[in-house]
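Let's take a walk through a protein model together. Keep the 3D view open and turn it as you read.

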There are 2 protein chains.
Amino acid sequence: MSDQQVRVTFQPSGRAVYVLKGTKLLEAGARAGLTINTPCGGEGICGKCRVQVTAGACPAGPNDKTHFSPESLEQGWRLACQTAVQSDSIVFVPDASRLAGQHQIKTDSADSETPEICPAFRKTYIELPNPTMEDNLPDLLRLEHAIGPFIPHTAVLRHISQTLRQCDFKGTAVLAGGRLIDFEPGDTTTQSFGIAFDIGTTTLVGLLLDLTNGTELAVKSQVNPQVAFGDDVLARIQYASTGADALDKLNQSILQAIQAMIVSLCEQANIPSHHVYEITIAGNTTMEHLLCRIDPTPLGQIPFASAYGRGFALETHPLALPINAQGSLYVFPVIRGFVGGDTVACLLATRLTHTTDSVLMIDIGTNGEIVLFHNNQLWAASTAAGPAFEGARICCGMRASTGAIEKVLLEDDVRLNVIGNVDPIGLCGSALIDLAAELLNKGMISNTGKLLPPEDLPPELPDALRQRISIDDQGHTEFLLAETTAKGNLLRVVLTERDVRELQLAVGAIRAGISIMLKAANLTPSTLDRVLIAGGFGSFIRRDHAQRIGLLPSDMDRHKISHVGNASLAGAKLALLSSEQRAQGETLARQVNHVELSTDLNFQMEFAEAMIFPG
Amino acid sequence: MSDQQVRVTFQPSGRAVYVLKGTKLLEAGARAGLTINTPCGGEGICGKCRVQVTAGACPAGPNDKTHFSPESLEQGWRLACQTAVQSDSIVFVPDASRLAGQHQIKTDSADSETPEICPAFRKTYIELPNPTMEDNLPDLLRLEHAIGPFIPHTAVLRHISQTLRQCDFKGTAVLAGGRLIDFEPGDTTTQSFGIAFDIGTTTLVGLLLDLTNGTELAVKSQVNPQVAFGDDVLARIQYASTGADALDKLNQSILQAIQAMIVSLCEQANIPSHHVYEITIAGNTTMEHLLCRIDPTPLGQIPFASAYGRGFALETHPLALPINAQGSLYVFPVIRGFVGGDTVACLLATRLTHTTDSVLMIDIGTNGEIVLFHNNQLWAASTAAGPAFEGARICCGMRASTGAIEKVLLEDDVRLNVIGNVDPIGLCGSALIDLAAELLNKGMISNTGKLLPPEDLPPELPDALRQRISIDDQGHTEFLLAETTAKGNLLRVVLTERDVRELQLAVGAIRAGISIMLKAANLTPSTLDRVLIAGGFGSFIRRDHAQRIGLLPSDMDRHKISHVGNASLAGAKLALLSSEQRAQGETLARQVNHVELSTDLNFQMEFAEAMIFPG
């Protein structure tokens, strides 16, 4: 199958991905972790997604010709949203075409600047006069005369005299919220780092930032090791409720993962971890509670009250997080119940309230969050989609990592794209949606989700596809997606009827949530101005396929739907870069109307209805 | 000798002391730890020191008769400053005659109220509505709606949900400086305690207070166990400078003593230690540094810079202090160099700046602090008196505890008062001063400090006294103060020539400091309006004796001299009772002009001069 794949290398980052021929550069970029500006929704109208193809053939289309001079076209300039890749290519993405910060998302094209960088701490280099008998001020008062009043951290109180004398009274003060958290010999003002984390039920992502200029230095993602204790939030709450030991295990499990990620991020970027002063954490309510070792038992019982609402800072030292010993961890505010910090971070990153449009945002993960902005009001709900979209509870499911089939097209036969251009070993969420949509299109799945047996398949179906359907030992139908031989063993990647059922449950939960939210605001899908799909996984969903399986309403203009990437991480990044953004997040959290789906009388009915695939 | 002692029991405290017949009730009260009001300086003029002698004979004097009706005199009412005790007595001291709080001192009689009680934390009992599906606010936001905004302590964040559910949402919030440091089931607002500490080089004193009303519940004093590492501040600094282990030992030594004192104070008062939320600490610069584990090395080297100037709060949990786990420790500000938090506390307690008088205050301890207030300006200096006044470095010296001779008169023979009315085992600082003054008066010591051998004694000396002088094996003269037989062993309490020399050094250091301070302000002793003697030990100094040996200038009206008790502890108490007082202390600390004696060119000359006893 690899002859259908081409390699696209993006500059200046150097990241390379394999995609199917014909894939738009915009999508290939997303695959490489680059979020390219598409305020017009990828329609080739706004011209914000300019890229330069410096190697490889990408024929110019009509929209390219209206946006570029013949000379520019000759130099390879193209609109990323319009240009399909045909062969191995090298593509240069100018800064202006990237969303400021690769994870940062804007929905308001009028204001696409990076926020003013103003982290919660600041560093100041100073040279103090040495003390003399005529001027023998206490050391900290001497410092205060130079940098203004502060409250010293106990550690600084203990080492300030020695440090000042070691560095001949020339050093860098690190201040955070009126506290002097460190004093470092010499000028270290350029060494100022922070890490933003998105803590998902299934996936953790960390992003190391240079806080002097906002540059992203390293990114790392991995599975949340708490999956060993249950794959959704309710399972984890239930486990945590069994006692302090269980809560400790969950807490230590996530802390150890974060500790290791911090070490790895600092190694990747080759920076000393004691110059990382702050971490921001955006996660759903349950994940944040467990990270902070707050017993989430009441959250798992009606009326689902969380321990806290406002965000807060914890010292990182007692959590053994390997950053500056006086560093701190900012935990995003919870809106209410299961609608947590990740949703607040998404609100912040998408600037959802900076518009007069009616906008629906869906953050797709193991816990799905749905936010509606309309008439200057915000509504939010959380719905338990389950981990199917992240590859769990699916027979051959896996995360979107090397070896995962991430895209599926059915033509005469199956066409696949595999991450890392290797033999496929499973399929990830986006491929699951693709496959279900394509099987529906081919008439191979009924709208109730039944994978049809050979005798019921449409007569016009190509033979190659027909031959992929078989009946297993239990009498269940399955579809063979790929078959490889690894070390003499046959590896079959299949889709089972049960997989389709899991997908229906996930789709149903989100779709029912959307319906109830829209009703709460007296809206219908067609009256929405925009729909934003957030979530690390969300970026790779094909919009038409999502509509085909009913994840998104089909009675909605596809061009109103756009991907905003991992908006939760982008929000965590903004809160790290700017105290003002952090304060905005706190304000937003308190403005949201919470919609509780689990006790909504209409939810079960909507859910059952949403399980049926659109006709 | 005990036939010369009488027992005086004070009511309502029930404290009893043994004193020599003829001792004024004022002095007996001080001995029992009661500081009785004497704004007129004990002249029998102001009538503020009224007490009622309910048992035992105390003849009324002329001043009594001007202040009390015949009926009152009949009921035993007397002026404590004028009345000499003649036999075992019971004396009732009304609240109005005590300084507010037994350690609190006022110098301004116009304003002798206790400060408004307003500690750094406050407790509020609240009953919250239970959460429902219609009202499922996060727990901390629910609390915030009731008590206003706060930042939760991590521990509260972790236990709030469980606690609220255990107590059916009825409990007591404990807030300190905008932080929610605890939430306790039920109404605990009456359980609100704090402990004030005076941390001296030689002596530690702790005072447990009920912070709802300012009542003193228990007091405890003991030797500072750091004396094992050196008996003055320079010796401790030198030891601390030998490395981190030494600093740890000093730090742990004081912390363990404080830990034990806290346990003992709470046991005495029978209160649970988790309802103690705050500790205040007043100590000299070195003691405070060691308590906080701040390396004092730079303080021991020219130009004697301390690590900090402003006071600060530490969490008590990392220090293993057994109070509320989220409690805190307030450490008094340092003025500069060796002039530390104890001096600030004295300034606060004596309200030295609330007057138009020129006032000299001397805080007598191992480190002597001298403060001058004149023309609205403050000067302060620290002088290394050494531990002689506290009984150390003296052959038979001891602390003012049971068995210590605390008062000496020489008449035909020696007359002694022994603490606890037991056989004497040593002498404490006040007796040392008494004895030296009396020996000077009798012509038994020369003004250079020589204890005269038998052949040089004045011919008119009573034989009993003459026989107490002997020559030891080394040819040194000594004076026998007492001789007892304990368990078959002969115990001799003597004064040696070397003891006299130690006393001279202590006196010289303080007296030289006073001279330099007065010169700095262009004053002479006779122009001072008042002299205050502070320090736990200072209360027991006989003013005439202190003048006789030159500790206080002799060219000064004795009636201008008054005792203010342990003003450092009184200041620590004020800072515990009132945030406003604490803030005043911080302001005062920054207003003081520091006089550095050790590098003053005149100090050595003044010192040598002050070593000579007045003629």
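We'll start where the chains meet and then go looking for empty space inside.

One thing to keep in mind from the start: this is a predicted model. Now find the place where chain B meets chain A. On each side of that border, 40 residues are involved: 40 from chain B are in contact with 40 from chain A. Together the two chains bury about 3500 Å² between them, and 60% of that area sits on carbon and sulfur atoms.

What about charged partners across the border? There are two salt bridges between chain B and chain A. You can look up R310(A), which forms a salt bridge with E144(B); their closest N and O atoms are 2.5 Å apart. Counting polar contacts between the two chains gives 16 residue pairs, with both residues at pLDDT 80 or more.

So which parts of chain B touch chain A? Helices α4 (139-147) and α5 (154-166) and strand β14 (312-315) each supply at least two residues of that side. The largest share, seven residues, comes from α5(B). Sorted by class, the side of chain B that touches chain A has 21 nonpolar, nine polar and 10 charged residues.

Now for the empty space. Rolling a probe the size of a water molecule over the atoms shows where some is left. With a cut-off of 30 Å³ or more, the count is one cavity, and the largest cavity has a volume of about 30 Å³. Its lining includes V19(A), E406(A) and F540(A). Helix α1 (residues 25-31) of chain A gives the largest share of this lining, three residues. By class, the lining has three nonpolar, one polar and four charged residues.

Conventions:
Residues numbered from 1 in each chain as written. Chains lettered and ligands numbered in written order. Predicted model: local features only at pLDDT ≥ 70, side-chain atom pairs only at ≥ 80, totals over all residues. Heavy atoms only, no water. 1 Å grid on protein atoms, 1.4 Å probe; cavity = no way out; pocket = protein on both sides within 12 Å on 5 of 7 lines; lining within 4 Å. Points joined across faces, edges and corners; volume = space filled by probe spheres on them. Helix = DSSP H or I, 4+ residues; strand = E, 2+ residues; numbered from the N terminus. Nonpolar A, V, L, I, M, F, W, Y, C, P; charged D, E, K, R; others polar. Contact = heavy atoms within 4.5 Å. Buried area = accessible area lost by both parts, 1.4 Å probe. Salt bridge = Lys/Arg side-chain N within 4 Å of Asp/Glu carboxyl O. Polar contact = N/O pair within 3.5 Å; in protein donor to acceptor, adjacent residues only side chain to side chain.
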